[in-house]
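Reader: I've got a model open and would like to talk through its charged pairs and its surface. Can we take it one question at a time?

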Amino acid sequence: MDDQHYLIRGGLAGRERLRVLGRVMRPTTLPLLERAGVAAGMRCLDVGCGGGDVTFDLASLVGLTGAAVGVDVDATKIALARADAEQVGVTNVEFRVGDLTEGLGTEEYDAIYVRFVLTHLRDPAAGVEVMRRALRPGGRLIVEDIDFRGSFCEPESASFERYEEIYEESARRNGGDPWIGLRLPALLVAAGFARVQPHVVQPADLEGESKLMPALTLENIQAIAVRHGVATEEELDQLVDELYELARDPHTYVANPRIVQVVGEKR
């Protein structure tokens, strides 16, 4: 899956969306990493790391006796992550340009984390197998991905509903699965993982950055939505403005997609 086939745009603009997403997700992702047993001395991999937000958290958890590697297809995001690591002086982290579909090595890692990547793959089971091979025996695969059906807005909003339609149809036409979250436990079981543990979280707020995610997401899938004929530039521009208005309204309760978290252990 190269970056030309990724639903959400890359580069600097995409990185800024990921900064917001990282802050929204951190309160639920950190406990997930701790439940999965990420600890001092481990060697960890963050697949589809973007700007490295979770990679830095992994580096903190494994300490100086461990190491965290971040891999992403987007060279711009990798360059930004490397610059951040140098600026803050983190020495147990490494960032590489790489593609999950091209392999990640064999039995190199104690834990592999992947968030919002499998939803974009035409063959997510093959992606799970690549990560399974890269784990050492007893290593943990830690996955977070979306079930887009879980998102909602209260009071109901025609703009929000249209955003949901555009995202789901764009994802499918691009070869992805916007409902993959509910399939994650079965995917790991089918791949031979033991002790598969699923959990569900969902960012939902009356105020704050999580309410910005629908507008930011629609902005960042605009090119793909137009390319696949799902919506026009004019409609998308209008919807983005309306979603930002929705985010500013303190009376609207907005929930992003359900996120299924799954941990499995390599036999």
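Reader: Which helix holds both R162 and E165?

Author: Keep in mind that this is a predicted model. R162 and E165 sit three residues apart, about one turn of the helix, and their side chains meet in a salt bridge at 3.3 Å, N to O. The helix that holds both of them covers residues 158–173, and that's α5.

Reader: Is E165 buried, partly exposed or exposed?

Author: Buried would need a relative accessible area under 20%, and exposed would need one over 50%. E165 comes out at 47%, while its partner R162 has 23% and is partly exposed. With its 47%, E165 therefore falls in between and counts as partly exposed.

Reader: Which residues are joined into one network by salt bridges that share partners?

Author: A search of the whole structure turns up 19 salt bridges. Where salt bridges share partners, they link up into one network of E129, R132 and R133.

Reader: How many residues apart in sequence are the parts tied together by E209 and R23?

Author: E209 makes a salt bridge with R23, and the closest N and O atoms are 2.8 Å apart. E209 lies in the loop between β8 and α7, whereas R23 belongs to helix α1, residues 11–35. So the pair ties together parts whose separation in sequence is 186 residues.

Reader: And what is the relative accessible area of R23?

Author: Its partner E209 is partly exposed, at 30%. R23 is partly exposed too, with a relative accessible area of 48%.

Reader: Which strands are tied together by R136 and D110?

Author: The side chains of R136 and D110 meet in a salt bridge, 3.1 Å from N to O. R136 is in the strand spanning residues 135–147 and D110 in the one spanning 109–115, so the pair ties together parts 26 residues apart in sequence. Both residues are partly exposed, R136 at 31% and D110 at 21%. The strands in question are β5 and β4.

Reader: Let's leave the charges. Where is L206, and what is the accessible area of the nonpolar patch it forms with F152 and Y253?

Author: L206 is placed in the loop between β8 (204–205) and α7 (213–227). A patch residue needs over 30% relative accessible area, and L206 is partly exposed at 46%. Together with F152 and Y253, L206 forms a nonpolar surface patch whose accessible area is about 260 Å².

Definitions and conventions. Residues numbered from 1 in each chain as written. Predicted model: local features only at pLDDT ≥ 70, side-chain atom pairs only at ≥ 80, totals over all residues. Heavy atoms only, no water. Patch = residues over 30% accessible without salt bridge, like charges linked within 9 Å, V, L, I, M, F, W, Y side chains within 5 Å. Areas by Shrake-Rupley, 256 points an atom, 1.4 Å probe, with all protein chains shown as cover. Salt bridge = Lys/Arg side-chain N within 4 Å of Asp/Glu carboxyl O. Helix = DSSP H or I, 4+ residues; strand = E, 2+ residues; numbered from the N terminus. Buried < 20%, exposed > 50% of the residue type's maximum accessible area, 1.4 Å probe, protein only.
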